[in-house]
Amino acid sequence: ADAVTELHGAPEGDIAILTALPGVGSLSQRDQGFREGLAEYPGLREVANRFNNNDANQALTNTLDILVANPNLVGIFADNLPMGVGAGRAIAERGLE
């Protein structure tokens, strides 16, 4: 919420979650913790959640798809490093911040 506020002026908008693998305890806990924190900001809405097989290239593809489908996206939560790498590459390819 702090990063969204810094970039967009308020904790409002659409958020996506990139999950590496379903059913992995530590990743599920990270996602749950993020969602619990997100609940404290009613202006932020989860609009997409994609599993990416712990593959940065798949995260890149899914992030590009999410960005097209959700033009009002203001943030992406990546639950591990490969998801963040894929999201970052997609953001760079689209020329976004």
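I will walk you through the sheet of this predicted model, the helices against it, and the salt bridges.

Let me begin with the sheet, which is open and has three strands in the order β2-β1-β3, with parallel pairing. The edge strands are β2, residues 44-51, and β3, residues 73-78, and each of them pairs on one side only. From one strand to the next the twist averages 25°. Between β1, which covers residues 13-19, and β3, the connection consists of five bridges, the two strands running parallel, and within this part of the sheet D14 stands opposite L73 of β3.

Turning to the helices, α2, residues 25-38, packs on the sheet and touches β1, β2 and β3, with a direction that makes about 170° with that of β1. Helix α4, residues 81-94, lies across β1 and β3, and runs at about 155° to β3.

Which salt bridges, then, does a search of the whole structure find? There are two. In one of them the side chains of D14 and R45 meet, at 2.9 Å from N to O; because D14 belongs to strand β1 and R45 to strand β2, this pair ties together parts that are 31 residues apart in sequence. D14 counts as buried, at 10% relative accessibility, whereas R45, at 42%, counts as partly exposed.

The other joins R35 to E46, whose closest N and O atoms are 2.7 Å apart. Here the link is between helix α2, which holds R35, and strand β2, which holds E46, the two residues being 11 apart. R35 is partly exposed, with a relative accessible area of 30%, and E46, at 33% relative accessibility, likewise counts as partly exposed.

How values were computed. Residues are numbered from 1 along each chain as its sequence is written. This is a predicted model: local features need pLDDT of at least 70, side-chain atom pairs count only at pLDDT 80 or more; totals for chains, interfaces and linings use all residues. Side-chain values use heavy atoms; hydrogens and water are left out. Two strands pair if DSSP finds at least two bridges between them. Helices (H or I, at least four residues) and strands (E, at least two) are DSSP runs, numbered from the N terminus. Axes are lines fitted to C-alpha atoms, for helices over the stretch in contact, and angles run from 0 to 180 degrees between N-to-C directions. Contact means heavy atoms within 4.5 Å. A salt bridge is a side-chain nitrogen of Lys or Arg within 4 Å of a carboxyl oxygen of Asp or Glu. Buried means under 20% relative accessible area, exposed over 50%, partly exposed in between (1.4 Å probe, protein chains only).
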